Amino acid sequence: MTLLAGIIQIGILYIFYLAGSKLTELLHLPIPGSITGMLLLLTALSLKLMKPNWIQHGAKFLNAILPLLLVPATIGVMNYPGLFSGKGLYIFFTVIASTAITIIVAGKISQYAEKITSKKKVEDECMKHLSH
Amino acid sequence: MYETLITLIIIISTIIVYLAMYLLYRRFPLPLFLPILTTTVLIIAFLQFAGIAYEAYMTGGQWFNRLLGPAVVAFAYPLYQQRKVILKNLQPITAGVLTGLVTGIVTVLLFAKWPFVPEQMLYSLIPKSLTTPVAIEVSDAIGGSPSLTAAFVIIAGMTGAIFGPFLFKWFRIDSTLGAGIAMGSASHAIGTSKAFEYGPLAGSLSSLSMTLSAIIGPIVCILLF
């Protein structure tokens, strides 16, 4: 029963993907169909047009097997052996270094912004109490 | 009939190798044992050894790719579940995603805008932190090579999934919010699948950052280059 429900739910997600792709194509959006489909589903959930439990199992399942789904695309790097030797190594390490710095900067900045905003909220709360 | 059999063998053996690597990772949760890394390395080694081309492997492999679209759509569910936390933290999320986007581009220019790096290579590197379908389109639009970009996207994703936990420790990025946003901004879907290991909130923040980057990234890249 859950297996059948899971398959139907993946079908629903697939329909949103197709709808997203169609919309992207028709409106010449600069984002891929899958992202458009996700935004469509998010909108449908927020507007209560869709119930979360209509897609819950399928979504959780796809999420759990996501690394497996990414494997075949990842194997595609085998077509670029040049990236792992000689001059290509410089480019290879450029990607690694740039990504690592991005992780540090994005992580630090958002953590810092989180602290400031939560502090501000607490202060605002205090001010409210004081003004009463 | 013969082709269907080959396709089935490729699909089933990919799943079996992945399951074995997943169990190995559960037993020894070391970054180097990340299932996507070990599975990929093992399958590439086997294909090289057997002299099988990537295109031949993809007769079966493409079936996994077909589920990637709905898998990205499925991110809407954890995003919806975490909507309250996300709405409460819109400022840090926007700040992190935007700085991440800019840092990714600036560091590429810093490391690769040299006379000995061909221009096409440089343009292929720029969209590397975006999710594959977006990165490919951006690369094509600014004068890069889409297939090279696809390879860079994978390397960027793997970097986040493997080194992310170390970077968080060394640079004291200890909030769920910081870690999730960093993963999604720098390492798209591969980083997001790793972020879900930290819990649904980190995973949702990562997929949200990936999505925001996918929406803002092309606009920034195309305006700049």
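**Exercise 1. Which helices of chain A and chain B each supply at least two residues of the lining of the largest pocket?**

Before you start: this is a predicted model, in which local features need pLDDT of at least 70, side-chain atom pairs count only at pLDDT 80 or more, and totals for chains, interfaces and linings use all residues. Residues are numbered from 1 along each chain as its sequence is written, and chains are lettered from A in the order in which they are written.

*Solution.*
- Step 1: take the helices as DSSP runs (H or I, at least four residues), numbered from the N terminus.
- Step 2: chain A brings α1 (2-27), α2 (33-46) and α4 (66-75), while chain B brings α3 (54-73), α8 (132-142), α9 (146-170) and α10 (176-195).
- Step 3: the most comes from α3(B), with 7 residues.
- Step 4: sort the lining by residue type, and you find 20 nonpolar, 12 polar and 1 charged.

**Exercise 2. Describe how the two domains of chain B meet.**

*Solution.*
- Step 1: an automatic or database domain assignment sets the bounds, giving domain 1 (2-70) and domain 2 (76-224) in chain B.
- Step 2: the contact (heavy atoms within 4.5 Å) takes 6 residues from domain 1 of chain B and 7 residues from domain 2 of chain B.
- Step 3: together these domains bury about 590 Å², counted as accessible area (1.4 Å probe) lost on being put together, summed over both; 81% of it is on carbon and sulfur atoms.
- Step 4: on the domain 1 side, Pro31(B), Leu34(B) and Ile36(B) lose the most area, together 66% of what that side buries.

Definitions and conventions: Heavy atoms only, no water. Nonpolar A, V, L, I, M, F, W, Y, C, P; charged D, E, K, R; others polar.
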